[in-house]
Amino acid sequence: MTRTTYLAFAIAARVLTDVPLLWMFVLIHFGLRGDGSGVDALWNAGAFTAWAVLHSLLARDAARRVLSQWLGADFVRIAYVVVAGLTLALLLLAWRPVSGELWHATGAVAWVLSALYVASLVGLVLVTSHFDYAEFLGVRTIKSRVTGRPPRPPALSVEGPYGYCRHPMYLALLAAFWVGPVMSSGRLELAALSTLYLLVGLRLEERNLRRELGPEYDLYCANVPMLIPRRTPWRVPGRKANRQAAEASGTHS
């Protein structure tokens, strides 16, 4: 594979992952309002369930083995994130607005809630700067093949936000779903379904990380909360933190 081909894969993975997420965050803040009924809410739940089931099945070891046979081991992760991004876009297209609102803030409160929403998105971006996003997208393995350098093994990261809680990305995502000046019924449904899915995925992610990192991750869990940040950052005794995030080494849920 040439460097040009690698660059094309990297750009495609970044666009097909980030653009659907950006679209979702825009819809959460400005859209998902309408006059739909309970039937539309059931449609949304069914569409979300279909997306979640597909997303979870592709993360299973059996699916990875099949993808490895079809595409090659180097392309399993990138195929996963591309399919996840494309199917998220389809879910957003299929989503039907539902009538009603849980709250609709105005004035200074609306500005404060909007600022907190933006802060959650900024936090999400900052979290990605503390792990290998190329590994997360699946392009690091391809780059290693192109450059001839061996891939780095999974390693625990306690740098930055990871010293305060084990899953800062999940925390930022949950904040983005629930904080905002308007909580329409459509947004409430998406937030509730996404929260349930993320919490289930979080448990499965923890299981995978324990299997990959062993006792070091158990020590990390014993000292760093899952989601609610501790007051001061924790560091692995006797080891300097590195920039390789363990979460980027595997898929969850």
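Select D40 to start: is this residue buried or exposed? D40 is buried, at a relative accessible area of 16%, where buried means under 20% relative accessible area, exposed means over 50% and partly exposed lies in between (1.4 Å probe, protein chains only). The model you have open is predicted, so local features need pLDDT of at least 70 and side-chain atom pairs count only at pLDDT 80 or more, while totals for chains, interfaces and linings use all residues. Residues are numbered from 1 along each chain as its sequence is written, and side-chain values use heavy atoms, with hydrogens and water left out.

Now add R96 to the selection. R96 and D40 form a salt bridge, with their closest N and O atoms 3.4 Å apart; the term covers a side-chain nitrogen of Lys or Arg within 4 Å of a carboxyl oxygen of Asp or Glu. This pair ties together distant parts of the chain, 56 residues apart: D40 sits in helix α2 (residues 38–58), and R96 in the loop between α4 (76–94) and β1 (101–104). Helices (H or I, at least four residues) and strands (E, at least two) are DSSP runs, numbered from the N terminus. Unlike buried D40, R96 is partly exposed at 31%.

How many salt bridges does the rule give? The count is five. In general, side chains of opposite charge can pair when their charged atoms come close.

Next stop: helix α1. Pick D18 and R14, whose side chains meet in a salt bridge at 2.3 Å, N to O. They are four residues apart in α1 (residues 3–30), so about one helical turn separates them. The general geometry is handy here: an α-helix has 3.6 residues a turn, so residues three or four places apart point the same way. D18 is partly exposed at 23% relative accessibility, and R14 is partly exposed at 44%.

Stay on α1 and click I11, which is found in this helix. Together with L7, V15 and V19, I11 makes a nonpolar surface patch of about 350 Å². Patches take residues with over 30% relative accessible area and no salt bridge, joining like charges within 9 Å and nonpolar side chains (Val, Leu, Ile, Met, Phe, Trp, Tyr) within 5 Å. The areas come from the Shrake-Rupley method with a 1.4 Å probe, and for residues only the protein chains shown count as cover.

Jump to helix α9 (residues 185–213) and select R210 and E206, four residues apart and thus about one helical turn from each other. Their salt bridge spans 3.7 Å, N to O. R210 is partly exposed at 36%, but E206 is buried at 3%. Add R166 and D218 too: these two join E206 and R210 in a network of salt bridges.

On to helix α8 (residues 168–178). Why is it largely enclosed by the rest of the structure? Because eight of its eleven residues are buried, among them Y170, L173 and F177. P168, also in α8, is buried at 6% relative accessibility. Leaving aside residues up to four places away in sequence, P168 touches V127, P161 and Y162, contact meaning heavy atoms within 4.5 Å. Measure out to G123 as well: C-alpha to C-alpha, P168 and G123 are 8.5 Å apart in space and 45 residues apart in sequence.

Last click: S114, in helix α5 (residues 107–128). S114 is buried at 18%, and touches H29 and P181, again not counting residues up to four places away in sequence.
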